[in-house]
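Visitor: I should like to learn how charged side chains are read in a structural model. Might we work through a case together?

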Amino acid sequence: MSTTNTVDRAFEAALYADTDAALDTGASLLASDPAADAELARRGREFVAGAWRRGWQPADVVRFVRRELEDEHLRLLARLIVEEHEQESTAGKRQPPPTPRWTAQLDEVKELAAHPTRTDRFSHATAALELYRLLLRLPTLEPLDRPQEPGPGIRQPPESRMLSRIRALLAKAEATGFPEEAEALSAKAQELMARHSIDEALLAARAHSKNAPGACRIGVDPPYETAKAVLLDAVARANRCEAVWNEDLGFSTVVGFEADLEVVELLHTSLLVQATTAMTKAEAAQRKGGRKRTKTFRQSFLAAYAHRIGDRLAEVAEAQVAEAEAEGAGTRGAGATEQDLLPVLAARDVAVREQFTQMFPDTVTTRVRGVSDLAGWQQGAEAADRAQVRARPRLPS
C-alpha cells in the first residue's frame, strides 16, 4: 500500500466524521505505517496554506486552536506553520511578501514550535487528525493585509522608537506596586500615544500618502468576553478606529490606520491588565466581607469598567485633539490651513468608516448579559475612574 493511500484512507475515515470510533480508525491506519509520516505532514502544510487563503493569519489560527484543542495540537500546528512558511519562502511562492505584522506573528509561532513533543505514534496521529479536522472547517474571514505605499517621510513598521517607549512605559506601569509611579508612567505613555497618532496623520497629509486604512484582529478571550469586547470597542473609537466582535471565533477586528492600530493594541492590553488587577482586589475585599457571588460580581465589575472607560476615553481624546489644534494654530499663524489638524483627522475618520463598512456591511449590536451585581458595577466604575488614561502635564524625558 502506498503512503498516499494510507493517508487518504485515514482521512476518509476520520476527517469527515466526528465520532471517536472514526478517529481511532484513522489514527490506527497512520500509526501502523511510518512511511506515511512525510505525506501526513505535507497534507498538514496544505491545510495551513488553505487557512491563509481563507483570510486567517498565524495568530488567528493559533488562538483558535488554543481555544478548541490542547497543547499537543498547538505545538503540532506551530511546526506546520513554520514548515509551510519556510517551504514557500524557499520556493519563492510567497506573494506578496509577508507584512511586518505577519512576520511578528511568525516569530511568536517559531518560539512555540521550538517546544518538543514526546508522544507515541497513535497519539501523534490522533492529534494530527483532530487538528486537521479543525483546520478543514475554518470559515472564510475578511482579508486584512493591504499593500501600503510608503511615501516620503512616513514611518513604516517594524515598530518605531516611539512605540517601543510607549510599550516599555505601560509595562512598567502594570508591574509597579506604587500607584503614584504607575500614574506617572501611564500619563507619559498616554502623552506619547496622542503625539504619535497626530504626528503620523500630519506626516501622511504632508506627503500626500495614498496609504489606506488596514485592520488587525485582537483576541477576546473568556471569561466575560462581552465586557472585554466592549472595552476594546471603547479603546478603538477613542483612537479613531472601528471594531467589530466575532463572538464565535473569539476575536475582534479593528479597522484603522496602522499607527492607530498599534496604539489600540497597546492601550487595550494595558487597560485590561489594570481592570483585572483592580477586580481581583475588589473581589477579595467582597469575599472577606462574606459575599460569595463571584461570577456576577466579576461580570458586573468588568461591564461597568468598560462602560465608564468608554466615556473617559472619549473625553480625553477630544481634549487631546483640541490641545494639539491650538498648539498648531499658534505655530502656523492666522490664515494657514494647509496642514490644519481637524480636516486631516476628519478625512482619516471618513476613510476608516468607509473601509469598515466595506469589510463589514452587516453588523448587529450585542447587549452585555449577566450584569446584576450592584456592588460589582459600582466598584468597576470607580476602578475605571482610577485607570490611567488622562493626559497630564509633560514629564521630563
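The dialogue below concerns salt bridges and burial in this predicted model.

Visitor: How is a salt bridge recognised, and how many salt bridges does the count come to?

Guide: The test is one of distance: a side-chain nitrogen of Lys or Arg must lie within 4 Å of a carboxyl oxygen of Asp or Glu. By this rule, the model contains 16 salt bridges.

Visitor: Which residue forms a salt bridge with Arg45, and where do the two partners lie?

Guide: Arg45 pairs with Glu83, and their closest N and O atoms are 3.3 Å apart. Arg45 belongs to helix H3 (residues 37-53) and Glu83 to helix H5 (residues 71-91); with their positions 38 residues apart, the pair links distant parts of the chain.

Visitor: Is each of these partners buried or exposed, or something in between?

Guide: Arg45 has a relative accessible area of 16%, so it is classed as buried. Glu83 reaches 31%, and therefore counts as partly exposed.

Visitor: What separates the partners in the salt bridge of Arg63 and Asp60?

Guide: In space, the N to O distance between the side chains of Arg63 and Asp60 is 3.3 Å. In sequence, they are three residues apart, about one turn of helix H4 (residues 58-68), in which both lie. Arg63 and Asp60 are both buried.

Visitor: What does the salt bridge between Arg101 and Glu258 tie together?

Guide: The side chains of Arg101 and Glu258 meet at 2.6 Å, N to O. Because Arg101 is in helix H6 (residues 100-113) and Glu258 is in helix H11, the pair ties together parts that are 157 residues apart in sequence. Arg101 is buried at 17% relative accessibility, while Glu258, at 31%, is partly exposed.

Visitor: Which residues are joined into one network by salt bridges that share partners?

Guide: The members of that network are Asp8, Glu39, Arg42, Arg43 and Glu46.

Visitor: How should one read a charged residue that is buried yet has no salt bridge?

Guide: One looks for the nearest side chain of opposite charge and compares its distance with the 4 Å limit. Asp260, in helix H11 (residues 258-288), is such a case: it is buried, and the nearest side chain of opposite charge, Arg348, is 4.2 Å away. Asp260 therefore has no salt bridge.

Visitor: Which residues does Asp260 touch, not counting those up to four places away in sequence?

Guide: Asp260 touches Ser197, Asn239, Arg240, Cys241 and Arg348. Arg348 is thus listed as a contact of Asp260, although the two form no salt bridge.

Technical notes:
Residues are numbered from 1 along each chain as its sequence is written. This is a predicted model: local features need pLDDT of at least 70, side-chain atom pairs count only at pLDDT 80 or more; totals for chains, interfaces and linings use all residues. Side-chain values use heavy atoms; hydrogens and water are left out. Helices (H or I, at least four residues) and strands (E, at least two) are DSSP runs, numbered from the N terminus. Buried means under 20% relative accessible area, exposed over 50%, partly exposed in between (1.4 Å probe, protein chains only). Lys and Arg count as positive and Asp and Glu as negative; His and the chain ends are not counted. Contact means heavy atoms within 4.5 Å.
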